[in-house]
Amino acid sequence: MFLSSKASKLRIKEAENARRNRQEIVKALADGQITRRDLFKWGLFTTGGLLLWKHGLNPFVRSAYAAVPTGFPRSPLFGVQAFTQPMPRFDVLPRRLNPFDPAVLNPTPTKEANTTQQPLNPALEGVTPGDTGPIEGRPPGPIWAHQKFDTIPPQIAVEVSTEGAKVNTVYNPQVPSNLNSGIDPTQGFHPRFHPGLPDQGSLALWTFNGTLPPKLLVGKYGEGILFRHRNKLPFDIRQNGGFGIHTLSTHEHNGHHGAENDGFTGAFFYPGQFYDYHYPIVLAGLNSINTGATDARAGSPNGSGGITKVPGDWKETMSTHWFHDHMFSFTAQNVYKGDAGMFNIYSALDRGNEAINDGVNLRLPSGTAKDFGNLDYDVNLMLADKAWDANGQLHFDIFNTESGFVADVMTVNLVYRPFFEVERRKYRFRILNGAVSRFFKISLSDASPMIQIANDGNLLPSPVTITQTDQLGIAERYDIVIDFSRYSIGQTVSMVNLLQHEDGTLPSQTLSLSAALSGSSTDPCVGRFLEFRVVRDPAQPDVSQVPAVMIPNPDLSAIPVARTRTFVFGDGATQTTNDPVTSFRGPWGIGTDGGSVLDADFGRISAAPRFGTREIWNLVNDGGGWDHPVHIHFEEGQILKRNGSASNVPAWEQGRKDVYRLRPDGSVTLTMQFRDFGGMFMEHCHNTLHEDNAMLLRWEIDDGGTPFLRPLPTPIPTPQGVRFQAPTQLNNI
């Protein structure tokens, strides 16, 4: 993807010219000045979505100066060296009690969308002076009302915005400076990837609250959160720094709650509006299992060392989520610009206090000072590759529709190749692949063991000792424990990426540890990316544990399978609709139950499982030249087979999951239930360039009783309000 650091000045100039020309087209597309149809008509795009190999536009044409593809210019580092800055912990979002107090949230939350009118800014698309629109972007009416809002009302308010980059003057990692590699949170935290690199401009970087480090949401079972998200992006759609769009839809991945809070790709909202998401934080099966809340394993920290019991299946307890933008056709661009955070969920089992020994708490590495949610030794890591232009501002290329976009600079928690100081004891690392197309495979630089305790949001039935992780697909989360007591003070050890990419279709090869450390890879993101520095013994003994048994899978053997479905993920997709808002055309698509592979249309229903049932879904990759990490919203699944055999499922995939890497020419057979909530959800490839172009479908649970209809009407947001239209649907959904 990127030029060698030894490339000639002529070749770099040529590649920079191609990038600049492409960025002009990207900006025109984002501004709405041209459409993809225009690109087809002008002969710049093929109907399959590929940018034609035209010199001066495509940086992979045969060079005018040499008989090899040119590639992109490398991101300038301005003399910065790796491992010369500390890695910041996530910035913990403030939690406030009583969301219904106007002093906490104003206006106060409502069950149905708040349709109070406000004057609209004429810079918004489709707005003329004097127009008004609702203050909340959530679709109005009972179908999009918060489910279980009356019976499980939110108790905590968290208010955030998405806005352009600015200095963070209120950074709160919730650990002392000596546990955050010496970072002083009272000093302004600048929006840059290294102190030696330029600050990102307010149009280049869009983040939650407009600041770095990334944000951490903290919650616990039985204590619902009202997550108010304000859109403070520019009103003018053209003010985007060359890519990204100013409409938003926030997906809490993979929350068990109603679809109105899921971040449906077509339920987006505009600058000047807010959207209230209600995260009840409940155990799946709350209406059918342990309904009397008598099992302490189905519980939550009570604030004083005890347990508050909650209904539901304790075997459905989740721990590590994340949240990100899910705007239709713009997910990759908006996430790449910074609109992503992580969400730690605490429970009686995974309490975040390693000292409480009550027979339920698993006592995983965390800390002891607070009743729950100690972060001292529980560390969130967001891995993402980035690229920037000659001025140091974020660069993104949307033309890699067939493969995906992989960049040339490795970041952890949105800083360039940092170091992190550790004590001689066990740490838990919650690792998120927050890239848009890149996969990772992680080893320690001395090949010493790590213990994997979770996959996606879920603790495994039993821990798995590994020396390198499996491939970590986009949006997957691996929780691992590293015991630094085996090192001496003053020693260092690093996390190493073993996985080489040539483009975004799939990794080209796994390198040996020695090859990855040698610096010989053509992929700049291979090699060491996070250096651990062992600086001291712990002040208190390490009482944390990694128990041999954690959370077994729910036993579904007694629940009949209502239906088996097959979804084929492939290229060469066709589009059967032509709605300018809900449909999109691209090279990718999904075929359902033997039907054609179709491009995305969020107004089309491809599946409608019956409420309260269990199904088996087969996910099939129809090609060997690419991989697809497939995400199914709302429900956790259990992998039954890989490539038709249960024996192909490795130990670290034998827990519950929500992202399923299909592997080239591969297939995954999984089972899951559909219960507790309803509405419209999504299934898509989480290589977000594939998702945006157009490997996404809508499925829904619409027969669970009032207020749901079968089928559900499709929301069509505008600044003046959301209208609805009848959906299309496949046969025999």
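These questions and answers walk through a predicted model of one chain.

Me: How many helices and strands does the chain have?
Reply: The model is predicted. Its secondary structure is made up of helices and strands. The count is five helices and 42 strands.

Me: What is the radius of gyration of the chain, and why does the chain count as compact?
Reply: The C-alpha trace spans about 70 × 65 × 55 Å along its principal axes. For 733 residues the globule rule gives 27 Å. The chain comes close to that value, so it is as compact as a globular protein of that length. Its radius of gyration is 24 Å.

Me: What share of the residues is buried?
Reply: Buried means under 20% relative accessible area. The chain has 733 residues to sort by that cut-off. The buried share is 64%.

Me: What share of the contacts with a separation of 6 or more comes from residues 24 or more positions apart?
Reply: The contacts counted here have a separation of 6 or more. Within that set, take the residues 24 or more positions apart. They account for 75%.

Me: How much of the exposed area do carbon and sulfur atoms supply?
Reply: The chain exposes about 23700 Å². Carbon and sulfur atoms supply a share of this area. That share is 52%.

Me: How far apart are the mean positions of the positive and negative charges?
Reply: The chain carries 65 positive and 73 negative charges. Each set has its mean position. The two mean positions are apart by 3 Å.

Me: Which strands stand at the edges of the open sheet of seven strands?
Reply: The order is S17-S16-S15-S19-S23-S21-S22, and the pairing is mixed. An edge strand here has a single partner strand, so one side of it is left without a neighbour in the sheet. The two at the edges are S17 (415-416) and S22.

Me: Which strand pairs with S15 in the parallel sense, and which in the antiparallel sense?
Reply: Strands of a sheet pair through backbone hydrogen bonds, either parallel or antiparallel. The parallel pairing of S15 has six bridges, and Asn 380 has Arg 430 as its bridge partner there. The antiparallel pairing has four bridges, and Asp 385 is matched with Met 410. The parallel partner is S19 (residues 426-433), and the antiparallel partner is S16 (residues 409-412).

Me: How many residues of S15 are buried?
Reply: S15 covers residues 378-386. On one side Asp 378, Asn 380, Met 382, Ala 384 and Lys 386 are buried. On the other side Val 379, Leu 381, Leu 383 and Asp 385 are buried too. The count is nine of nine.

Me: Which prolines follow a cis peptide bond?
Reply: Most peptide bonds are trans. Asn 106 is joined to its proline with omega about 5°, in the loop between S2 (96-97) and S3 (117-119). Arg 710 is joined to its proline with omega about 0°, in the loop between S39 (696-701) and S40 (714-718). The prolines are Pro 107 and Pro 711.

Me: What is the phi of Ser 329?
Reply: Most residues other than glycine have a negative phi. Ser 329 sits in the loop between S13 (320-325) and H3 (331-336). Its relative accessible area is 12%, under the 20% cut-off, so Ser 329 is buried. Its phi is positive, near 70°.

Me: Is Asp 456 buried or exposed?
Reply: Asp 456 lies in the loop between S21 (450-455) and S22 (458-466). Its phi is positive, about 60°, although it is not a glycine. The relative accessible area of Asp 456 is 0%, so Asp 456 is buried.

Note on methods
Residues are numbered from 1 along each chain as its sequence is written. This is a predicted model: local features need pLDDT of at least 70, side-chain atom pairs count only at pLDDT 80 or more; totals for chains, interfaces and linings use all residues. Side-chain values use heavy atoms; hydrogens and water are left out. The radius of gyration is taken over C-alpha atoms; the globule rule is 2.2 Å times the number of residues to the power 0.38. Buried means under 20% relative accessible area, exposed over 50%, partly exposed in between (1.4 Å probe, protein chains only). Contact means heavy atoms within 4.5 Å. Accessible areas come from the Shrake-Rupley method with a 1.4 Å probe; for residues, only the protein chains shown count as cover. Lys and Arg count as positive and Asp and Glu as negative; His and the chain ends are not counted. The place of a charge is taken as NZ of Lys, CZ of Arg, CG of Asp or CD of Glu. Two strands pair if DSSP finds at least two bridges between them.
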